[in-house]
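Open the model in your viewer and keep the sequence panel visible. The tour goes from one selection to the next.

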Amino acid sequence: MGRQSMQRRFLLLALLPLAACAELRAPRRPIPPPPGLLAGPDQGRQAIRELDAAFRNGAAALRGHPDRMARAAAILEWLCTDLASNPRWNPVSPGVKQAVYTARDEVRNALGIQPEVTGQEAASVMAQVARELADGQEVRAQALLEEAGRFRNGGERVIARLRDPGPLPNSEIALGALAQEVARLDSVNGWVVQPAADPSLTGTRG
């Protein structure tokens with residue numbers, strides 16, 4: 001290997017840690033929901049309210065309504081990406097967040113969504129499917145599912161699961177807990193992170 005090639009290689013190796021550090025320092029950017037899915041001024045809170053109501057009482061509001069189930073799945077997928085990427089949710093307990101991620105996995109398993117599908121992809125497809133089903137276009141909804149190629153079963157089977165996804169106990173518990181956590185943070189002004197006290201002002205020493 002020539003001297004110039006070795007120098008270039010060492011330079012690249014030296015720059016790798018700097019690139020990694022830059023990536024870690026880069027601010028997390030919230031990801032918007034699919035168009036038309038959530039239209040309120042505070043989309044995060046709207047998502048939490050809708051999901052808490054949708055999955056309450058054993059998801060009774062969703063059974064027999066495949067369009068509502070598809071919409072709930074889309075909102076849940078987006079909410080999980082927002083919980084993970086939007087700094088506004090930093091005060092939410094990590095345990096509550098993990099419970100919501102488990103709820104998403106429960107819904108994915110019920111519908112046959114492959115685990116490698118990103119939340120953005122799943123949210124986009126399910127939002128489109130929800131719109132088609134709400135308009136009575138079941139054939140078009142099936143076609144969207146087939147085209148997406150991200151489901152273990154065919155489109156017809158997914159529609160059947162949307163109509164009756166089976167028990168979703170983790171989703172009911174997790175989304176109820178998230179709604180309660182948001183209400184708790186509201187009640188104690190827990191969204192404001194207080195700065196650390198300056199020892200020089202309090203008389204304490206480090």
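Select Trp 89 to begin. This is a predicted model, and in it Trp 89 has 0% relative accessibility, so Trp 89 counts as buried. Now add Arg 88: its charged end sits over the ring of Trp 89, 4.2 Å from the ring's centre.

Next, select Trp 191. With a relative accessible area of 23%, Trp 191 is partly exposed. The structure holds one aromatic pair, and Trp 89 and Trp 191 form it, edge-to-face, with 5.9 Å from centre to centre and 70° between the planes. Trp 89 belongs to the loop between α3 and α4, and Trp 191 to the loop between α8 and α9 (199–202), so the pair ties together parts that are 102 residues apart in sequence.

Go back along the chain to Asn 189, which follows α8 and has a positive phi, near 55°. Then select α8 itself. Its 19 residues, at 1.5 Å a residue, should span 27 Å, and the end C-alpha atoms are 27 Å apart, which agrees. Which residues of α8 are buried? They are Ser 171, Ala 174, Leu 175, Gly 176, Leu 178, Glu 181, Val 182 and Leu 185. Show α2, α3 and α4 as well, since these are among what covers the buried residues of α8.

Finish with the largest nonpolar core, which has 50 residues; Phe 55, Met 126, Leu 162 and Leu 178 have the most contacts inside it. The largest share of this core, eleven residues, comes from α3. Select Phe 55 last: leaving aside neighbours within four places in sequence, its contacts include Leu 62, Met 69, Val 107 and Leu 175.

How values were computed
Residues numbered from 1 in each chain as written. Predicted model: local features only at pLDDT ≥ 70, side-chain atom pairs only at ≥ 80, totals over all residues. Heavy atoms only, no water. Core = buried A, V, L, I, M, F, W, Y, C linked by side-chain atoms within 4.5 Å. Buried < 20%, exposed > 50% of the residue type's maximum accessible area, 1.4 Å probe, protein only. Helix = DSSP H or I, 4+ residues; strand = E, 2+ residues; numbered from the N terminus. Contact = heavy atoms within 4.5 Å. Expected span 1.5 Å × (residues − 1). Phe/Tyr/Trp six-rings, centres within 6.5 Å; stacked < 30°, edge-to-face > 60°. Lys NZ or Arg CZ within 6 Å of the ring centre and 35° of its normal.
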